[in-house]
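Hi there,

Here is the structure I promised to pass on to you. Have a look at it first, and then read my notes below.

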Amino acid sequence: MTRLDILKTYKIYIGGQFPRTESGRYYPLTGRNKELLANVCLSSRKDFRNAIVAARTAFAGWSSRSGFNRGQILYRIAEMLEGRKEQFIAELMIQGSTPKAASEEVSCSVDLLVYYAGWCDKYQALFSSVNPVASSHFNFSVPEAMGVVSIISSEESSLLGLVSSIAPVITGGNTCVVLASESKPLCSVTFAEVLNSSDVPGGVVNILTGKSSELHQHFASHMDVNALNYHREDKKEITNIREQACLNVKRVFTHSASDVTSGSPYLILENQEIKTTWHPVEQIGPGKAGY
Amino acid sequence: MTQDRKKIVFHHYESTSFSEPGNANKLFFPFYCLNSLVRNSFTFAYSTNQMTTFKIPDFTKSPTIDQVGIEERVARFNTRSIKKESKVKGLKLILNMIDLTTLEGKDTEGKVKQMCYKAMHLHDILPDLPTVAAVCVYPPMVRAAKQALLNSKVKVASVATAFPSGQSTRQVKLLDTRYAVEEGADEIDMVISRGEYLKGNYNFVFDEIAAVKQACGPARLKVIFETGELSTLDNIRRISDLAMYAGADFIKTSTGKISPAATMPVTLVMLEAIRDFYFTTGKMIGMKPAGGISTAKSGLQYLVMLRETLGNDWLSNEWFRFGASSLANDVLMQLVKEKTGVYQSKDYFSAD
Amino acid sequence: MKKNKTPKPLNFSTGWDYAPAPESTDHIKLEKQYDLFIGGKFVKPSGGKYFDTINPATEKKLASIAIAETKDVDKAVQAARKAYDTVWGKMPGAERSKYIFRIARMIQERAREFSVIESMDGGKPIRESRDIDIPLAANHFFYYAGWADKLNYAFPNRKPSSLGVAAQIIPWNFPLLMAAWKIAPALATGNTVVLKPAETTPLTALKLAELIRDSGLPDGVVNIITGAGNTGAAMVGHTGVDKIAFTGSTDVGKLIQKSIAGTNKKLTLELGGKAANIIFEDAPLDQAVEGIINGIFFNQGHVCCAGSRLFIQENVADIVIRKLKQRMETLIIGDPLDKNTDIGAINSKEQLQTILKYIQIGKNEGADIYQSSCSMPAKGFFCKPTLFLNTSQSHRIVQEEIFGPVLTIQTFRTIEEVIEKANNIPYGLSAGVWTDKGSKIFNLTSRLRAGVVWANTYNKFDPTSPFGGYKESGFGREGGLHGLMPYLKF
């Protein structure tokens with residue numbers, strides 16, 4: 001007698017929890033032979049709203065952690081992902097990847113996480129400056145996390161697109177809400193499980209599945225979102241996003257998926273503000289009129 | 001409760017030296033509460049009919065000063081443009097605020113008499129000129145100065161207390177002070193013990209000033225900090241507070257023997273201390289920057305600073321003095337230039 | 001123990017007053033009429049229309065200024081494109097650099113003339129235009145000139161290149177300085193420029209156009225056109241523009257962001273602010289008071305980063321307010337050209353009405369108003385320095401940018417409370433912190449959500465120092481190395 005396989009219930013990830021969408025809606029995901037792979041949550045704007053609350057709550061803690069600590073946590077994500085490599089390869093394959101491509105995608109994702117883990121305590125030095133002002137002041141500029149970032153990640157890639165959109169954002173101390181690929185959503189939920197077991201505080205990364213066509217305007221208009229990263233090609237959505245973004249002068253960054261998969265500290269910098277601090281410098285020297 | 005200041009009988013002074021800062025208020029209690037039995041308080045009899053009681057603060061908690069901020073404020077005073085009638089009025093005010101000074105080892109009665117004549121006759125060709133406020137001399141010159149200035153309003157100020165270093169015993173300093181007062185000095189310019197101050201021995205310095213104040217009797221007391229030796233503006237603010245509570249009538253920057261002497265930032269810190277003291281106690285204290293102020297332009301900048309920090313009530317020689325020897329002639333040259341429109345030469349102004 | 005009587009306030013009213021000390025206007029050359037500076041020449045506007053620019057201190061007309069219409073904007077953009085394609089875009093950085101250095105030097109040579117015109121056209125005191133606006137403008141050109149041939153060192157592992165034509169729209173509060181902030185980095189990075197000064201303050205930008213013409217900068221590299229909102233909208237909407245840089249109100253900034261949503265134009269916005277200026281009990285109080293004064297009364301409060309929300313720790317509130325009121329009594333309001341004037345004229349009648357409207361709102365909201373007792377000129381647009389005491393975050397005058405010499409004062413008890421209140425605003429341009437304790441400063445400076453934080457100082461600017469906001473105060477930085485990025489692609 002053959003054993004009946006246990007099917008996985010794919011849920012969304014908000015504030016470190018795995019709820020179903022509050023809307024109760026779903027969409028069926030089918031495999032190559034039209035077999036049902038999963039009933040995937042069709043997240044609503046209310047799910048997005050809840051996710052933003054979780055992200056905002058987590059922001060103060062995450063952004064004030066040391067770069068070193070964030071680096072350790074990103075490295076831990078890579079470790080956990082490496083350990084579940086086979087599961088991701090299998091998931092990628094049932095979503096249409098060849099074995100070779102699936103294996104490569106997982107390896108690239110792990111390597112990218114390791115790459116950003118190393119940046120966590122280094123990009124600050126790269127993008128900071130001590131500014132030689134002409135008055136008696138000490139003046140320096142440092143990058144600082146922008147806040148809550150909403151991300152619409154690549155449609156084509158199930159895992160690498162997701163990882164490459166999240167990693168630079170959280171490396172820089174931001175928290176985020178990510179919309180996963182609509183057609184290839186499975187890895188995103190499994191990746192949430194990886195995050196959940198990697199010391200990433202709840203709320204730092206929140207992952208929704210669903211339709212960009214429904215959600216992008218909320219990603220763009222929400223007044224408590226500081227920046228939006230868009231990794232798809234839909235011109236109409238981009239225009240719509242940019243129009244909505246002006247409500248709170250949201251920063252919008254659009255990239256093609258291939259732009260981000262290679263990794264770059266400049267992608268970290270995008271979601272940073274530059275803060276400049278001034279302080280007077282007392283100048284009392286010996287042997288002259290110091291004051 | 002009123003009491004004539006002159007009639008207060010001071011107890012014999014006993015030196016107290018305590019290492020804990022902040023205890024000044026308690027430790028001085030037995031000595032100062034002659035008139036008031038309120039603990040932690042100090043009674044000032046600053047005119048015959050007024051008396052105010054207030055707490056002596058912990059001087060280690062004096063306000064902090066940001067040097068760069070002070071310099072920016074000074075720079076802004078210096079952008080004021082003083083022209084025409086306000087310039088003439090200001091220049092005359094400066095003349096009237098000068099303590100014409102000679103403090104040299106080689107001073108003689110003859111030199112002092114010449115300077116006293118200049119003090120009363122700044123530039124007789126120019127009508128409506130005031131006299132200077134005072135002459136400032138060493139104690140042995142006081143009598144000669146006093147005689148030379150008979151029938152004038154010019155006061156005689158004498159340095160005392162082992163000027164300029166202040167390195168002597170308290171007994172000598174008090175004798176020095178009493179001698180100058182007996183010789184006829186209207187004002188005493190004392191120096192503080194900078195070494196004791198920098199050691200943190202604030203009680204010693206407080207005692208010292210209070211004791212000299214008593215020895216002054218009716219003479220007004222100017223307390224010289226020698227700010228050039230105190231290094232930081234925080235120190236200058238703290239000693240200003242301490243000196244005013246200890247009984248200074250005037251606070252003064254420098255002896256003129258140490259560089260830097262008076263500077264505008266230092267003077268501003270002291271003026272702000274005077275202002276805060278006024279609002280705490282109601283008592284007006286005078287200010288005397290000394291040394292290094294030699295041009296009319298610089299004098300006007302000090303006046304602007306005074307006017308915009310303490311207001312017009314301080315704009316007289318009762319509350320502000322310049323300790324200077326060469327300032328007067330530069331001011332006179334400017335006054336003549338304002339009158340004639342012609343730039344002047346030193347050869348036309350008497351040097352005494 | 002006899003209770004001390006409250007000493008009477010310091011007397012600043014009578015006694016030694018300063019005689020008028022007006023800056024001479026003899027050496028100022030102003031034309032009766034100014035045309036559009038396009039392609040290296042002054043050309044008549046296509047519609048033949050002009051508007052008046054007036055002196056807000058006297059309400060007298062200074063000159064007629066051309067109105068650029070869509071056609072003129074197109075001409076200017078084409079001139080800029082041609083200059084970019086044929087000359088400026090190809091020029092080696094070292095050569096570009098020398099042109100920009102030359103502009104810096106020429107501004108220094110003519111600094112006094114620019115200062116006087118700035119004060120006449122905009123109402124700001126000559127002390128500020130002479131000591132701050134004009135020297136900083138020259139320094140800005142000087143600073144960015146040096147970057148032109150060093151861009152490859154600025155961004156590790158990147159080869160940056162220029163964008164093309166930049167359309168730049170600037171406000172009326174720092175007319176020449178804002179022009180410098182916009183033009184200098186754009187030129188250094190190899191872009192060409194179409195710049196529009198504000199309609200109430202076009203004169204120094206037009207004098208800069210003359211200077212640029214005389215400097216030998218290739219024709220069309222910098223084009224300066226004048227007009228009101230329609231001209232600006234035409235610039236933003238022009239398809240030949242690659243980059244838009246805007247400084248002004250948050251409302252207009254949002255409109256611009258929206259209007260270019262479907263394009264690939266790069267955008268930087270430097271918008272409004274409502275900065276917290278926070279005074280702790282252990283602050284150097286007299287210098288803090290000076291910082292408050294500079295924070296809110298500098299340039300009549302027409303400053304996007306003005307410290308317009310004052311927070312004082314409760315246990316020193318009385319003493320700080322007393323000192324502040326005293327300091328206000330020494331502020332001189334009047335003729336912007338008088339060297340002793342501290343507060344000049346409000347830039348326009350319209351802005352004065354806005355400020356007065358907010359003062360009325362503050363009164364209606366029940367906040368306690370205090371104004372200095374200074375004398376006011378009979379003519380022109382002037383506003384007394386104003387404090388509103390006993391306000392809270394819920395007052396409209398605390399929430400909205402007034403852009404005038406109006407300070408709202410709140411007290412606070414703890415550091416947590418004040419950080420929350422300071423950040424409780426849609427803006428995030430700047431903030432001030434006053435305390436003697438270093439560790440407290442760093443706590444504050446890292447937790448205040450603002451692009452510029454002044455600790456124990458306020459309203460300091462320098463070409464080397466990046467400036468720009470968080471949140472609704474805009475994005476992108478101007479000044480310093482970071483100020484190059486908005487004009488480059490990688």
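Let's begin inside chain C, with strand β11 (residues 266-270): 4 of its 5 residues are buried, so this strand is mostly covered. Please keep in mind as you read that this is a predicted model. The neighbour to look for is strand β10 of chain C (residues 243-247), which runs parallel to β11(C) and is joined to it by 5 bridges. If you want one pair to find on screen, try Lys243(C), whose bridge partner in β11(C) is Lys266(C).

Now for the places where chains meet, starting with chains A and C. Here 39 residues of chain A are in contact with 42 residues of chain C. Together the two chains bury about 3100 Å², and 55% of that lies on carbon and sulfur atoms. Three residues are worth colouring in: Val249(A), Tyr266(A) and Trp278(A) supply 22% of the area that chain A buries against chain C, more than any other three residues.

Between chains A and C there are 2 salt bridges. One to look up links Glu144(A) with Arg449(C), where the closest N and O atoms are 3.5 Å apart. There are also 26 residue pairs in polar contact across this interface, counting pairs with both residues at pLDDT 80 or more. Which element gives the largest share of the side of chain A that touches chain C? That is β10(A), with 8 residues. By class, this side of chain A has 19 nonpolar, 13 polar and 7 charged residues.

Strand pairing also crosses from one chain to the other. β10(A) and strand β19 of chain C (residues 452-455) run parallel and are joined by 3 bridges. Within that pairing, Thr277(A) stands opposite Val453(C).

Next, chains B and C. On this side, 44 residues of chain B are in contact with 42 residues of chain C. The buried area is about 3700 Å², with carbon and sulfur atoms giving 47% of it. How many salt bridges are found across the interface of chain B and chain C? The count is 9. Arg275(B) and Asp286(C) form a salt bridge, with their closest N and O atoms 2.3 Å apart. Polar contacts number 22 residue pairs between chain B and chain C, again with both residues at pLDDT 80 or more. Among the elements that each supply at least two residues to this side of chain B are α3 (67-77) and α11 (264-281). The side of chain B that touches chain C has 14 nonpolar, 14 polar and 16 charged residues.

Enjoy exploring, and write back with any questions!

Key: Residues are numbered from 1 along each chain as its sequence is written. Chains are lettered from A and ligands numbered from 1 in the order in which they are written. This is a predicted model: local features need pLDDT of at least 70, side-chain atom pairs count only at pLDDT 80 or more; totals for chains, interfaces and linings use all residues. Side-chain values use heavy atoms; hydrogens and water are left out. Contact means heavy atoms within 4.5 Å. Buried area is the accessible area (1.4 Å probe) that two parts lose on being put together, summed over both. A salt bridge is a side-chain nitrogen of Lys or Arg within 4 Å of a carboxyl oxygen of Asp or Glu. A polar contact is a pair of N or O atoms within 3.5 Å; within protein, one must be able to donate a hydrogen and the other to accept it, and residues adjacent in sequence count only if both atoms are side-chain atoms. Ala, Val, Leu, Ile, Met, Phe, Trp, Tyr, Cys and Pro count as nonpolar, Asp, Glu, Lys and Arg as charged, and the others, Gly among them, as polar. Two strands pair if DSSP finds at least two bridges between them. Buried means under 20% relative accessible area, exposed over 50%, partly exposed in between (1.4 Å probe, protein chains only).
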